[in-house]
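Welcome! Take a moment to look over the chain below, and then we can walk through it part by part.

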Amino acid sequence: MDEPRTITESDLARIGEIVSEQSGQKWAMIPLLQRIQDEFGYIPPQSIPLMARKLRLFPSQVQGVISFYTQLYTEPRGKKVVRVCRGTACHVRGGKTVLKLVKQQLDIGEGETTPDLEYTLETVACIGVCALAPNIVVADHVHGHMNPKKVELLFKHREVGE
Ligand code: FES
């Protein structure tokens, strides 16, 4: 199993370069955060003090902005994001069981990422295809009419604890 990616000295140097290219204006914070996330897949916490210094803010202010936006992450994410629908239509057709089975297959909980950084598990309110309930989305691909067998097939290449 691959170890989660750790931030190296050269990563920190690269983050320093990205930060130094910015104007230092406070309005530049969101583009800066997005740029770092695009490059690293998340915003390494080590980058926050560098950004704060450049933007003349407290690190807590940068952290506050990151916390506000649900699309910004300070932890590594999986290559594939699995979204299990918790909407009403999916719920009444077994969505809770589907979520339980996906958790078992991936051996992670909601909001968590597998140690090999393959999958991140999330839940969503409704993905807009209620007629196919219960649904899950894996890497932006909708899988409808989910049942225990389909969940197993979807992740069958994956062995818990591999
Ligand atoms: S409730 Fe699940 S897709 Fe709408």
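## Two domains

A word on terms before we start: the domain bounds used here come from an automatic or database domain assignment. Please also keep in mind that this is a predicted model. The assignment splits the chain into domain 1, residues 9-68, and domain 2, residues 80-154. Between the C-alpha centres of domain 1 and domain 2 there is a distance of 32 Å.

## The chain as a whole

How many helices and strands does the chain have? There are six helices and four strands. Following the sequence, you meet them in the pattern α-α-α-α-β-α-β-β-β-α.

Along the principal axes, the C-alpha atoms fill a box of roughly 50 × 35 × 20 Å. The chain has 162 residues, and 22% of them count as buried. If you take the contacts between residues at least 6 apart in sequence, 64% join residues at least 24 apart.

## Helix α3 and its neighbours

Let us turn to helix α3, which spans residues 47-55. Its buried residues are S47, I48, L50, M51, K54 and L55. These residues lie on the same side of α3, because they cover an arc of only 160° around the axis. What do the buried residues of α3 pack against? Their partners are α1 (9-21), α2 (29-40) and α4 (59-68).

Just after α3 comes R56, which takes a positive phi of about 55°.

## The four-stranded sheet

Now for the strands. Four of them form an open sheet in the order β2-β1-β3-β4, with mixed pairing. At the edges are β2 and β4 (141-143), each pairing on one side only. On average, neighbouring strands of this sheet are turned by 20° against each other, direction ignored.

Strand β1 (residues 80-85) runs parallel to strand β2 (residues 119-124), and six bridges join the two. With strand β3 (residues 136-138), β1 runs antiparallel, and here three bridges make the link. R83 is a good residue to find in the model: it stands opposite E122 in β2, and R83 also stands opposite V137 in β3.

## A helix on the sheet

Which helix joins β1 and β2 in a β-α-β unit? That is helix α5, residues 88-106, and the unit is right-handed. Helix α5 packs on the sheet, where it touches β1, β2 and β3. The direction of α5 makes about 150° with that of β1.

Terms used. Residues are numbered from 1 along each chain as its sequence is written. This is a predicted model: local features need pLDDT of at least 70, side-chain atom pairs count only at pLDDT 80 or more; totals for chains, interfaces and linings use all residues. Two strands pair if DSSP finds at least two bridges between them. A crossover is right-handed if, with the strands pointing away from the viewer, the path from the first strand over the helix to the second runs clockwise. Axes are lines fitted to C-alpha atoms, for helices over the stretch in contact, and angles run from 0 to 180 degrees between N-to-C directions. Two residues are in contact if their C-beta atoms, placed from the backbone, lie within 7 Å. A residue is buried if 20 or more other C-beta atoms lie within 10 Å of its own, exposed if 12 or fewer, and partly exposed in between; C-beta atoms are placed from the backbone. The arc is that of the directions from the helix axis to the C-beta atoms.
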